[in-house]
Amino acid sequence: MKSRRLLLLASLCLILHLTRAQENLAAGLRATQSTTYRHFADPNNAIDGNLDTNFRHGSCSSTSKQCRPWWRVDLHEHYRIFVVSITAPSRFARQLRGAEIRIGDSLMNNGNNNTLCAKVNSIANGRTANFFCEPAGVHGRFINIFLPRCRAFLMLCEVEAFGMPEPH
């Protein structure tokens, strides 16, 4: 059992190392979200490469308070995604608890029915956390971050995706 855990940990470290050597697949693309909180909370702010975590500086995206908010980026091509990194705002990061990272090719239910890559248990205020799509990555064109609860804001300061091209 211990050797299996060590092997899994070594595999994850290798995947992180290999994917970090690549470009962020989401950089420079266009994103969308279920609603927009204010004019400076545009969904594209979460993929602008700016790691500023102060929401008031205009580098974070945010939905309005709603039921089941979501954010999505279209990668325009098919990839096998191994790691998704999320940078939380400097305040209210706890609102990300329970968020689901979903990857796939469908836009049914706004893409929120796609394959689950990972769930966000917690991210500290103003920090970046890596989420691994285990065991061998998740294939898809769309990356969604989805909060499956009501009366919630979805605030993201940066979202990065690392993987490799994969034919459809």
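1. Disulfide pattern. Counting bonded cysteines along the chain, the disulfides of this protein chain follow the pattern 1-6, 2-5, 3-4. The model is a predicted one, and a search through the whole of it returns three disulfides. They are taken below in the order of that pattern.

2. Cys60 and Cys157. A disulfide joins these two residues, with an S to S distance of 2.0 Å. The torsion about the S-S bond of Cys60 and Cys157 is about 85 degrees, and the disulfide is therefore right-handed. The link connects distant parts of the chain, 97 residues apart: Cys60 sits in the loop between strand 1 (31-33) and strand 2 (61-62), and Cys157 in the loop between strand 8 (155-156) and strand 9. Cys60 has a relative accessible area of 0% and is buried. Cys157 is buried too, with a relative accessible area of 0%.

3. Cys67 and Cys150. The S to S distance in this disulfide is 1.7 Å. Cys67 belongs to the loop between strand 2 and strand 3, while Cys150 belongs to the loop between strand 7 and strand 8; the pair links distant parts of the chain, 83 residues apart. Cys67 is partly exposed at 32% relative accessibility. Cys150 also counts as partly exposed, with a relative accessible area of 39%.

4. Cys117 and Cys133. Here the S to S distance is 2.0 Å. The angle about the S-S bond is -90 degrees, and the link of Cys117 and Cys133 is left-handed. Cys117 lies in strand 5 and Cys133 in the loop between strand 6 and strand 7, with their positions 16 residues apart in the chain. Both Cys117 and Cys133 are buried.

5. The largest nonpolar core. This core has 34 residues, of which Trp71, Ile81, Ile86, Ile101, Ile145 and Leu156 touch the most other members. At least two residues of the core come from each of strand 3 (70-87), strand 4 (100-104), strand 5 (115-119), strand 6 (128-132), strand 7 (138-146) and strand 9 (158-165). Strand 3 contributes the most, with seven residues.

6. Surroundings of Ile101. Which residues does Ile101 touch, not counting residues up to four places away in sequence? Its contacts are Val84, Ile86, Thr115, Leu116, Cys117, Ala118, Phe131, Ile143, Asn144 and Ile145. Cys117, one of these contacts, is also half of the disulfide with Cys133. Ile86 and Ile145, also touched by Ile101, are among the core residues that touch the most other members.

7. A separate core. Another core, of five residues, lies apart from the largest one; Phe55, Cys60, Met155 and Cys157 are among its members. Cys60 and Cys157 are the residues joined by the right-handed disulfide of point 2.

8. Strand 9 and its pairing with strand 3. Is strand 9 largely enclosed by the rest of the structure or largely open? It is largely enclosed, because six of its eight residues are buried. Strand 3 and strand 9 run antiparallel and are joined by eight bridges. Within this pairing, Val84 has Ala161 of strand 9 as its bridge partner. Val84 is also one of the residues touched by Ile101.

9. Salt bridge of Asp74 and Arg141. The whole structure holds three salt bridges. In the one between Asp74 and Arg141, the closest N and O atoms are 2.7 Å apart. Asp74 lies in strand 3 and Arg141 in strand 7, so the pair ties together parts that are 67 residues apart in sequence. Asp74 is buried, with a relative accessible area of 16%, whereas Arg141 is partly exposed at 29% relative accessibility.

10. Salt bridge of Glu166 and Arg80. The closest N and O atoms of this pair are 2.8 Å apart. Because Glu166 lies in the segment after strand 9 and Arg80 in strand 3, the salt bridge ties together parts that are 86 residues apart in sequence. Glu166 is partly exposed, with a relative accessible area of 22%. Arg80 is likewise partly exposed, with a relative accessible area of 23%.

11. Salt bridge of Arg102 and Glu100. The closest N and O atoms are 2.8 Å apart in this pair. Are Arg102 and Glu100 buried or exposed? Both residues, Arg102 and Glu100, are buried.

Methods: Residues are numbered from 1 along each chain as its sequence is written. This is a predicted model: local features need pLDDT of at least 70, side-chain atom pairs count only at pLDDT 80 or more; totals for chains, interfaces and linings use all residues. Side-chain values use heavy atoms; hydrogens and water are left out. A nonpolar core is a set of buried Ala, Val, Leu, Ile, Met, Phe, Trp, Tyr and Cys residues joined through side-chain atoms within 4.5 Å. Buried means under 20% relative accessible area, exposed over 50%, partly exposed in between (1.4 Å probe, protein chains only). Helices (H or I, at least four residues) and strands (E, at least two) are DSSP runs, numbered from the N terminus. Contact means heavy atoms within 4.5 Å. A disulfide is a pair of cysteine sulfur atoms within 2.5 Å. Two strands pair if DSSP finds at least two bridges between them. A salt bridge is a side-chain nitrogen of Lys or Arg within 4 Å of a carboxyl oxygen of Asp or Glu.
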